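Subject: Structure handover and notes

Hello,

Please find the structure below, with its sequence. My notes on what was found in it follow.

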Amino acid sequence: MKNADVKYLKVLAGEYPNIPATAKEIVNLRATLSLPKGTEHFITDVHGEYGQFRDVMSNGSGAIQRKINEEFGNSLSIPEKRTLSMLIYYPEVKMKQIKGRMADDEELTDWYRVTILRLIRVCQNASSKYTREKIHNSLPKDFDVVIEELMTGRPEVVNQEDYYNEIISAVIDTGRAPELIVDFCYLIRRFTVDHLHVVGDIFDRGSYPHLIMDDLMAHHSVDIQWGNHDILWMGAAAGSEACMCNMLRNSARYGNLSIVEDAYGINMVPLMRLAMECYKGQVSKSFDIHISDDEYDTSFIEVDAKMHKAISIIQFKLEGQLIMEHPEWDMDDRLLLDKIDYEKGTITIDGETYPLNDTYFPTIDPEHPYELTEGERDVVTRLKNSFQQSERLQKHIRFLYSKGSLYKVYNGNLLYHGCVPLNEDGSFREVEIYGGKYSGKALYDVLEHYARTGYYALDPVEKKKGEDILWFIWQNKNSPVFGKEKMATFERYFIDDKKPHEEPKNAYYRLYENEEIVDRILVEFGLDPKEGHIINGHVPVIVKKGESPIKCGGKLLVIDGGFSKAYQPKTGIAGYTLIYNSYGLILAQHEPFLSLEETVLSETCMHSHIVMDQNAVKRKTVADTDAGKAIRDKIDELEELLSAYRSGLLVECD
């Protein structure tokens, strides 16, 4: 045995000091490998829609309903199962409603007893995939002993029947039944979904990304694949002025500037003053606010429209500066402010001249169109300071960095938001990044490296390179999370003709029905094309036009179907989510979430239906997962340690 191996075994011996301890752990780990794999939940393109997000998370995209059906079958009526489901989804709200219906305390006591017994059964079912240790570590501290006894007790045994029933009676008599029920409900949800994948775009469009981030930070096990809108917020928090202005323009467009101010403490007063001073005249309809939230205060609509235009002009200037600074990014076609004829009110793009629908540019110097005015520079500086000093925003962004990445390979699936940039012939597009040439997986890796550098680097030169790459990832044609040849923001605002509005997609979107192409992508990321899947977000599936989320026979699944209210009129639905349990993949299609009150009171769960149920040939166990591989490696190490003890190479300790 090598000296390095002996040294490692000595370190391992510190945790397993003798033969009994080592053998015990081997037995535990080998048994764990035979358990069914935990359920994974995939969700994408949430776009700040907290109500829809919370509902999908509460019901596990139908996984909890399936647990209830498995456990009770026909022994409970459909209304009883619906009530139990709703209680698990929204325990505090539902219990308050049920208690209000009770005639007296005796009836309420009976309901507590029956409900607790039912919840125990569902919880036992949901936790059956886990070891006793994992179950124990997941129990709420207030009721850990009580729940463990109820979960493992045997009331059918004569000697334990009275003991078991007395636990429940004592909980009710001490007035703690409501709290126990709530803890059981959250525990069932925690056991039903073992791990959550968020395949990008938590931010923008909807009004409550901060609440979604708070929930994700409290989740027991989650990873995130950054979407282009997440990258925008990451860049803003890192200090990229171009990202910050894009993010604020999006917020202004969808009436969310007040949320930015209230939730994250970003001081919008300097921008408001600039907008009111510079855009006193009427702002064109292109800058109208797209209101999707009933809580929006319409008295601010005119001010917000002016702020919308003010930050847009600043954005175009800052982006122009970046494009000229990085000619290797091949974005000269996005330099448009110098293509305007300010006297005629026209712009020339690709040799064609278009009239502008808005010719009021009080802050643009035609001779130096990309220079900020003194007032604009002051606003940008103040906003940047506010972003970097926002404690809540920085906490959320650090979480995105710690739990996130541009892609993830997990249990045989490849997860990413957007696309793998391809040429028309299906080959991986080669992209220059700071002097190097990258394609396929290497492109993702180098972009992620610089995305992290942009936030964490201490060297100002390296940090600036990273900040610039964050903006590149947001909208360059070679960015995996963008996937279009251009972002026609200026054209959509200022040109009525639809022709220049077109944003051609990368060849990936024309080729992802080609199995050879999909297999090549899977191999590029180290996956077996016979078993692997690509889980893809970013581009909404237009169900109204007959589009399907299932590509290439189910090897590639596009699970963006319009979580955001802004997309729902276009898609016709409210998103897809995916469940991957030990039996296979289940793709669910959802209808719009209306309100918490309507959902709970009427017990009408968000309507969903299964559009794909892809069963595995053999039920997956922990041994088939990435965690299983790590467990097998540890078993090998422990068996070497066991051999070292038995051979006398290492001496056992008490």
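I start with a pair of helices. Helix H16 (residues 269-278) packs against helix H17 at about 95°, and their axes are 8 Å apart. H16 is therefore roughly perpendicular to H17. On the H16 side the contact is made by Leu271, Met272, Leu274, Ala275 and Met276, and on the H17 side by Val303, Lys306, Met307, Ala310, Ile311 and Ile314. By class these residues are ten nonpolar, no polar and one charged.

Some terms before going on. This is a predicted model, in which local features need pLDDT of at least 70 and side-chain atom pairs count only at pLDDT 80 or more, while totals for chains, interfaces and linings use all residues. Residues are numbered from 1 along each chain as its sequence is written, and side-chain values use heavy atoms, with hydrogens and water left out. Helices (H or I, at least four residues) and strands (E, at least two) are DSSP runs, numbered from the N terminus. Axes are lines fitted to C-alpha atoms, for helices over the stretch in contact, and angles run from 0 to 180 degrees between N-to-C directions. Angles under 35 degrees count as roughly parallel, over 145 as roughly antiparallel, 65 to 115 as roughly perpendicular and the rest as oblique. Contact means heavy atoms within 4.5 Å. Ala, Val, Leu, Ile, Met, Phe, Trp, Tyr, Cys and Pro count as nonpolar, Asp, Glu, Lys and Arg as charged, and the others, Gly among them, as polar.

A second helix pair is H5 (residues 78-89) and H6 (residues 91-101), whose axes come within 6 Å and cross at roughly 130°. H5 and H6 are therefore oblique to each other. H5 contributes Thr83, Met86, Leu87, Ile88 and Tyr89 to the contact, and H6 contributes Pro91, Lys94, Met95 and Ile98. Seven of the residues in this contact are nonpolar, one is polar and one is charged.

H17 also appears in the core. The largest nonpolar core (buried Ala, Val, Leu, Ile, Met, Phe, Trp, Tyr and Cys residues joined through side-chain atoms within 4.5 Å) has 136 residues, and those with the most contacts inside it are Leu216, Leu248, Tyr416, Tyr508 and Ile521. Helix H17 (residues 301-325) gives the most to this core, with ten residues. Leucine 216 touches Phe53, Leu196, Val198, Ile202, Val222, Ile224 and Phe399, leaving out residues up to four places away in sequence. A second, separate core of 43 residues includes Leu76, Met102, Met151 and Ala177.

Next, the sheets, in which two strands pair if DSSP finds at least two bridges between them. One open sheet has five strands in the order E8-E9-E12-E14-E13, with mixed pairing. Strands E8 (407-410) and E13 (550-551) are its edges, each pairing on one side only. Within this sheet, E9 (residues 413-417) and E12 (residues 533-537) run parallel and are joined by five bridges. Leucine 415 stands opposite isoleucine 535 in E12.

Another open sheet has three strands in the order E4-E5-E6, and its pairing is antiparallel. E4 (340-341) and E6 (352-355) each have a single partner strand, so one side of each is left without a neighbour in the sheet. E5 (residues 346-349) pairs with E6 over four bridges, and threonine 348 stands opposite threonine 353 in E6. The hairpin of E5 and E6 has two residues between the strands, and aspartate 350 there takes a positive phi near 50°.

Two further residues share that kind of backbone angle. Most residues other than glycine have a negative phi. Arginine 205, in the loop between strand E2 (195-198) and helix H12 (209-218), has a positive phi of about 80°. Its relative accessible area is 11%, so arginine 205 is buried (under 20%; exposed is over 50%, partly exposed in between, with a 1.4 Å probe and protein chains only). Cysteine 552 has a positive phi of about 55° and is found in the loop between E13 and strand E14 (556-558). Cysteine 552 is also buried, at 9% relative accessibility.

Last, serine 479 lies in the loop between helix H21 (460-475) and helix H22 (489-494). At 1% relative accessibility, serine 479 counts as buried. Leaving aside neighbours within four places in sequence, serine 479 is in contact with Pro421, Phe472 and Ile473.

Regards
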